[in-house]
Amino acid sequence: MSSRSVPEVERGVKARGRGGLVRLRAALPASAGELVDEYERHLRLERGLSAHTVRAYVGDVVSLLGFLHGVEAAGKTVGDDEPAGDVAALAGLDVGELRAWLAEQHKAGVSRTTLSRRAAAARTFTAWARRVGKLEQDPGSRLVAPRPHRTLPGVLRPEQAEQLMKASSAGAAERDPVALRDHALLELLYATGVRVAELCGLDVGDVEFGRRVIRVLGKGGKERTVPFGVPAEKALRSWLDDGRPVLAERAGGEAAEALFLGVRGRRLDPRSVRRVVHDGVGSVHGAVDMGPHGLRHSAATHLLEGGADLRSVQELLGHATLATTQLYTHVTVERLKAIHDRSHPRAR
């Protein structure tokens with residue numbers, strides 16, 4: 001079993017940055033590197049996962065195989081002066097090694113939530129390896145990780161969401177194309193609760209104004225239809241009529257189908273959307289700092305507080321399981337408790 005000190009593990013954790021991960025992946029034995037490549041193709045092509053999810057899964061597997069083979073990002077074998085040879089990729093992988101991998105990350109201060117996610121990634125990987133004949137047994141099936149802390153997400157109050165939309169509407173009134181775009185994307189994010197990657201992947205043809213819905217390609221390549229309201233419709237029409245044509249001219253047709261464009265006329269990227277949301281929410285008095293996912297949380301919370309049933313909210317958000325959607329019921333219960341504490345004469 002591999003044995004490393006806490007500082008070594010901390011370096012391994014920090015190497016999870018994109019550059020460190022590339023170096024660690026390159027330092028693996030050839031057989032392990034080929035296995036990672038094969039697993040990545042499976043995630044992308046067969047399971048159709050998003051680039052972000054694939055990157056996270058592959059990063060966890062690279063970390064696991066680096067631990068298994070005693071390899072650091074610099075390509076050295078820990079505790080041995082000889083370089084890692086071309087050994088069997090999964091030689092010695094058992095539930096003990098999986099537990100040791102997680103235990104050393106725990107010593108390095110990795111959170112329970114992250115440990116739980118990495119354990120799930122390891123189980124997914126070993127199940128795949130067993131299925132394709134890389135392992136005789138599936139050690140991941142016996143791996144138990146600590147339950148993650150389910151923290152309540154920060155959300156806007158309805159009046160704060162209204163203030164955000166009014167502020168962006170005031171900017172759009174100047175008819176600047178970027179302001180029109182920002183107002184439209186804020187309205188659509190809050191109206192639909194879509195993920196930022198889903199928003200950026202929308203094409204003009206995905207908007208149906210007649211029914212006031214958008215067709216969204218979600219996780220796993222699953223398509224769903226999500227409705228939006230009149231304010232989002234007005235903002236989208238203004239953007240498409242007066243804002244988008246101005247920015248589209250700058251791309252020379254390169255992003256002709258994208259619904260939202262950047263200042264150079266190309267498809268808008270998630271980083272730009274996060275900046276728009278951060279700046280917009282920052283102007284709202286008393287609001288917690290948040291990005292696009294915060295607007296998604298807010299939309300789900302306000303739907304439930306407004307009387308929507310849990311199953312419908314699950315469908316709108318594109319959650320694979322109802323358990324994920326149930327997180328928002330905790331948010332609404334916490335608010336009810338706070339109102340009760342403030343208002344009921346027998347609350348205290």
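This text walks through one protein chain, from its overall make-up to its helix pairs and a few single residues.

The structure is a predicted model: local features need pLDDT of at least 70, side-chain atom pairs count only at pLDDT 80 or more, and totals for chains, interfaces and linings use all residues. Residues are numbered from 1 along each chain as its sequence is written, and side-chain values use heavy atoms, with hydrogens and water left out.

Start with the whole chain. It has 15 helices and three strands. Helices (H or I, at least four residues) and strands (E, at least two) are DSSP runs, numbered from the N terminus. The chain holds 348 residues, and 44% of them count as buried. Buried means under 20% relative accessible area, exposed means over 50%, and partly exposed lies in between (1.4 Å probe, protein chains only). About 18,300 Å² of the chain is exposed, and carbon and sulfur atoms supply 50% of that area. Such areas come from the Shrake-Rupley method with a 1.4 Å probe; for residues, only the protein chains shown count as cover.

Next, look at contacts. A contact means heavy atoms within 4.5 Å. Take the contacts between residues at least 6 apart in sequence: 62% of them join residues at least 24 apart.

Now turn to helix pairs. Axes are lines fitted to C-alpha atoms, for helices over the stretch in contact, and angles run from 0 to 180 degrees between N-to-C directions. Angles under 35 degrees count as roughly parallel, over 145 as roughly antiparallel, 65 to 115 as roughly perpendicular, and the rest as oblique.

Find helix H5 (residues 95-107) and helix H6 (residues 112-131). Their axes come within 11 Å and cross at roughly 160°. H5 and H6 are therefore roughly antiparallel to each other. Their crossing is right-handed. A crossing is left-handed if the near helix is turned anticlockwise from the far one by less than a right angle, and right-handed if clockwise. H5 brings Leu98, Trp101, Leu102, Gln105 and His106 to the contact, while H6 brings Leu115, Arg118, Ala119 and Ala122. These residues divide into six nonpolar, two polar and one charged. Here Ala, Val, Leu, Ile, Met, Phe, Trp, Tyr, Cys and Pro count as nonpolar, Asp, Glu, Lys and Arg as charged, and the others, Gly among them, as polar.

H6 also packs with helix H3 (residues 30-46). The angle is about 100°, with the axes 12 Å apart. That makes H3 roughly perpendicular to H6. Leu35, Glu38, Tyr39 and His42 of H3 meet Ala121, Thr124, Phe125, Trp128 and Arg131 of H6. This contact has five nonpolar, two polar and two charged residues.

Stay in H6 for Ser116. Is this residue buried or exposed? Ser116 is buried, with a relative accessible area of 15%. Its C-alpha is 8.7 Å from that of Val144, and the two residues are 28 apart in sequence.

Helix H4 (residues 51-68) holds Val62. Val62 has 0% relative accessibility and counts as buried. What does Val62 touch, not counting residues up to four places away in sequence? Its partners are Leu21, Leu24, Arg25, Leu28 and Val36. Val62 and Ala27 are 35 residues apart in sequence, and their C-alpha atoms are 10.0 Å apart in space.

Further along, H8 (177-192) pairs with helix H10 (residues 230-248). Their axes come within 8 Å and cross at roughly 145°. This crossing is left-handed. Among the contact residues are Pro177, Leu180 and Ala184 of H8, and Ala235, Trp239 and Val246 of H10. The full set divides into 12 nonpolar, three polar and three charged.

H10 also contains Leu240. Leaving aside neighbours within four places in sequence, Leu240 is in contact with Val204, Phe209, Pro245 and Leu259. Its C-alpha is separated by 9.6 Å from that of Pro177, 63 residues away along the chain.

Finish with two loops. Arg175 sits between helix H7 (158-172) and H8. Its phi is near 65°, a positive value in a residue other than glycine. Arg175 is partly exposed, with a relative accessible area of 40%. Arg212 lies in the loop between strand S1 (207-208) and strand S2 (213-217). Arg212 has a positive phi of about 55°, although it is not a glycine. At 31% relative accessibility, Arg212 counts as partly exposed.
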